[in-house]
Amino acid sequence: MSALLETVGLTRFFGSVRAAEDLNMRVEQGEVVGIIGSNGSGKTTFLNLATGYLKPERGRILLAGHDTTALPPRAITRLGVARSFQIPQLYLGMTVLETLLLSLAARAGRIGIWEPLKRADWSDEGVQILRQFGLDPHAERRVSELPEGSRKLLDIALAVALRPRLLLMDEPTAGVSTEDKFEVMDTLVGVLGGSGITTIFVEHDMDVVQRYSQRVLVFDQGLVIAEGRPAAVLADPEVRRAVLGHV
Amino acid sequence: MRLLLVVALDGLTYASWLFLVSAGLTFTYGVLRVLNLAHGNLYALGAYLGATLVLRYAATGSVPALAYGLLFLAAVVIGLVFGPLIERGFLRRVYSRDEEVQLLLTFSISLILEDVVKLVWGVNPIFADMPYSYLGRVRLGGVNYAWYPFLLTAIALAIGVLLWLVVTRTRLGKVLASVITDREVSLTLGINVPRVYTWAFTAGAVLAALGGALTAPMFSLAPGVGAEVLVTSFAVIAIGGLGSIGGAALGALIVGLARSAAVYFFPELDLFAIYLIMALVLLFRPQGFFGEIEVRRI
Amino acid sequence: MSRQSSMRCALVASVGLLALHSVSAAPVAGAPSELKVAVVAFLSGPASGPFGIPSRNAADVWIEKINREGGIGGVKVVPVFTDEAGPADKVVTEFRRLALDEKVSAVIGYISSANCLAVPPVADELKVLTIESDCGTDRVFEEAKHPYVFRTHAHTVIDGVGAARYVLSLHPEVKTIAGINQDYAWGRDSWEVFQRSMRKLKPDVQVVDAMWPKLFAGEYSAEISKLLVEKPTVVFTSFWGGDLVTFAGQAKARGLFDESVVVVNNTGSDIKDIAPGVLIGSRGPHGIVSPEMEKNPLRKEFITLYRQKYGLAKNDYIAHGAYHFVQALQGLRAAYEKAIKTAGRWPTTEQVAAALEGLEFDTPSGHIVMAIGGGHQAIEPAGYAILKFDPALGVNVFSDIRMFPARCVNPPDGMKSLEWIDRGFPGAQC
Amino acid sequence: MLARARTAIYVALGALVLLVGVPLLVSGWIVFLLTVAGAKALAVLGVVLLLRGKLLTFGHALYYAVGAYAAGMAVKYLAVREALVLLTLSLLAGVAMSAFLGLLVARYRAVYFALLNLAFSMVLYGILLKFYSVTGGTDGLGIAEPTLAGVRLSGSLLRLAMYELTVVLTTLLVYFTYRFFASPTGYTLRAIRDNEVRVEYMGVSVWRAVYVSYVIAGGLAAVAGGLIALSVGHITPDLAFWSQSGEFVFVAVLGGTGSMLAPAVGSVLFEFVRNYAFELSPYTWQMTLGIVLLLIIFFLPGGVWSLTTLAWRRAGR
């Protein structure tokens, strides 16, 4: 069977800076893959390429066998790929619930101009999703009033609410304090665990990747320098140097 | 053939006028990323003050040549008075707010200045053609031309080159560039961004007023000149790309030639030739010829 | 006679008139305490300078005069000044306010043809006597009947026909004509009348060009170049205000006057800035008048009063807007006086309207006859002249003055103007 | 929910008072002025709608004029006299025009959006002058008295009918707009204001939301134009002129973008002030507008409407 996500010879430069070169990878249905690498190693660029926000100079992206390279983010999202962002991308002017409801309306493909957004059935599901993320107390608050950590969770919740086949998370624990980061990840696993959603998450934090990914890819200056089970890969001093910049 | 020469000459002189009146608008936008809707009114103020000075001066009957200096004087005075006033007094308070608020602000200022002109100079047309007629005329392609428009062409060129040199060759240019690309970083580099803004806006104001002052000898001035000029110069810089001096020059040239061609070959199109061109250009190149699109980092 | 002496006569005469009129007549039965009259003219915007402000000033001095002479039927006239500026909805709302809120007995004004067409239906609806004071369009009474609306000055047809006849009287051998007119109704109408008249009066004349720069464009170098290339015998323009001054200035500087005869049909107070050498008309016998018209005592009086209050250029020139407004006031006054006589008491609006229909009365612009449009539209002579600079006075004056009688430049009652022209001016008495 | 019910009640009550109360109490010209204000409020509503998505237009008078001329032409050349038919034509014309131009402008934002619209409105202005023989140029078109639902009316009765019609239509369209804002597309518009990228990452088309909003805004302005044409009885190209667009923007900001009722409030306020202030001193009229605008920008960003909400709070809501 074909992989859920497959990239073939994916290449992208920013001027002289190599963000990705001849990137070949496969992610199978149901996997939880961690991508690790130092800043500027091309992690986020990979997500931007995979979701169509950036276009590669060479190479192709295959989603469940068919080519999405030329598609814009919206189209790829509709094919069941959702992502979260390193810096939460939210609507500061709206309330937490409204934001989530919009995500649900989008999933249902019901962006009309007459039926109200705040429909009973959507509201119920919305609140329930918020509960999973422990955001339900904030439901009626404006996003602009949320603390950073909650924003991070909401950012991910919006993606999850789309019920994607493939979820891409950009540094879910970035900006979250060391104490809280496992808590955050546990919540996520709690939500995603049962769903069987294929997940790729980008991290620079070894412990997180070690603990939560089944398989890990190590990026360095746009190249995959190592791949395999977390324990084995992360033990490799080469990898440690690439990621941490020291042994 | 001879006709084409005439068309080209008219187009060129009109283009230089267009460049003169739109350079300030595009420069201000380039640095502050604010489109100054009061641009046309600064133009009008420059024109009225220039005309008044010239008329007063002509009345004394002394050497006409100096009158041209007065036009520049008028521009500088208007620019130095209103530039800092508008930027420091009002604009500065809304940089943090949405772009449409900034537009509304300059819009309200333009409304106010519109009436300031009426209150100071009344509603009767003012015409100070002395600098225009004094230069006399020249016969080209069997047609009489006044020298003055060619003087404008020369000045337009000079200003264009000057701006280009400042932006590309001087330290000030580098400062501007860094302010444009990243305000915060520039601050950390110890650049006094607020002052840069004030001066950039003032420079834009002077250019606007200069456009007006140099026009005064050619046109008689009546209430409402400002609005027309704003729309025209926006069309010009939109074609060239907002914020680009070179773009303004290119846009002016295109519009200028197109208009004089329209006058000769499709007189009925004269009225909105300029807007049609703009619509076409933006249709195929949304950011104008020299404009660039910014992609947000996420 | 020289201007100075004519001026002195004017002064003497008017002083005499003042003395004569300052006895106030007793009001007739049923007369109101005051006669409210709305005065509508452009007080702002580009048309205010050349036409609007002079109209307002004229209304001011002439109403003062009327009141000094005891008002109308012994009732004091009280003006309500308002600005004509703004889009049609504002103008119409304003008219309704004047009628329903200010409760004026009559509305006099409107310079813009658009407003002269927008107001009549409302005037008829509200039954308010309305006298249009300065607009040009011939559509007002040629397209519809308006029982409550009158126009005491000639429509613009006299300007085009007059221009054509004047040009031919000076240059019988005209070969080619070109037009440069602002791209709006006034420009289109003016050009239509002029070029049709030229074609009729001199069938072999050729129209080589018709250019339509936009209103208030201000920049005409391309147009002028084109005219210099085409070298038409006659260039006709209906420019006014700033545009006219600019065009004439640029044309003069580039020697267009040496190549072609330039004729303008609508000069206002802008005349002081227009480059000499142009053939000009001013919408009737006002600034430009024949020597015998200069003797008209009302005209002398008006000029004196205007000079006393608002000052005046040495050539005694006052814009047509002002004269037209006084014509309206004289019409109103004559109509009321006639209606009072017939009714024997203070008349109703309908009686006044009936009285004004087909009325004849004297004004500073001469004897006015409400001859056409079913008695609602006045006819006037058309005056044309060449603009000359007078070094002695230091201002522009007029030479080669020609007056074309009203019946020569106006269609007979009931005939549409353009139809009249195309049929070769039937019934014209020149 | 509560807020929504409350708004609905206010709309209903307001309409009732306006329909019955006002005509009994005030003089004819004020009724007329309210008709004009009510009609224009729709155009302003369109501007407000777009402002919700941070889209400022200086050319909305374009659709106002399209609506007016659609009605005017139909009267003159198709001899249609029925007001309801004419207004439908206005709406269709406006929607058609905005659906067409929307294809071009919907991808622009900020300055470009504002002034592209301005440019197009000036093109229409030019066209209206140019096709003089059809449009009457600046002289404009006179519009014969319409019939309403087949009934021929004239004089003060017609004025009253036009007033009632305006109130009803405006109320309905305000409610429609209110529903629109509560709809997913309405929220998308608000979302676009904050973060277009995320909207796309929800699988929602930013372009479509902007386009739809633009078409609706165009339709609203067109109906306004139709109403103005019928009640004023004469239309000129000034309807499309930039100053008219500027006026809409001004009223939008004056009223505030907070509520669907704000435009109506702002519009009435504006017409009254204009009809008096303008007479007091025509030379300082625009200056007055400018100063008021400045004050609002700096001290009352929510517009006049925000005062009412303040009042409610005071009242302990």
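**Group meeting: domains in chain A, and where chains B and C meet**

Okay, let's start with chain A, which splits into domain 1, covering 1–80 + 166–247, and domain 2, covering 90–163. Before I go on, keep in mind that this is a predicted model.

How far apart are the C-alpha centres of domain 1 and domain 2 of chain A? They're 26 Å apart. The two domains do touch, with eleven residues from domain 1 of chain A and eleven residues from domain 2 of chain A taking part in the contact.

Let's look at the domain 1 side of that contact. Strand 7 (166–170) and helix 6 (178–195) of chain A each give at least two residues to it. Helix 6 of chain A has the largest share, with five residues. By class, this side of domain 1 of chain A has seven nonpolar residues, three polar and one charged.

Right, on to chains B and C. Here, 36 residues of chain B are in contact with 32 residues of chain C. Which elements of chain B supply at least two residues each to the side that touches chain C? Going along chain B, you've got helix 1 (2–32), helix 5 (130–134), strand 2 (143–146) and helix 11 (245–265). The largest share of that side comes from helix 1 of chain B, which puts in six residues.

And what's the mix of classes there? On the side of chain B that touches chain C, there are 21 nonpolar residues, along with seven polar and eight charged ones.

So, to recap the two helices to look for: helix 6 of chain A, for the domain 1 side of the domain contact, and helix 1 of chain B, for the side that touches chain C.

Conventions:
Residues numbered from 1 in each chain as written. Chains lettered and ligands numbered in written order. Predicted model: local features only at pLDDT ≥ 70, side-chain atom pairs only at ≥ 80, totals over all residues. Contact = placed C-beta atoms within 7 Å. Helix = DSSP H or I, 4+ residues; strand = E, 2+ residues; numbered from the N terminus. Nonpolar A, V, L, I, M, F, W, Y, C, P; charged D, E, K, R; others polar. Domains from an automatic or database assignment.
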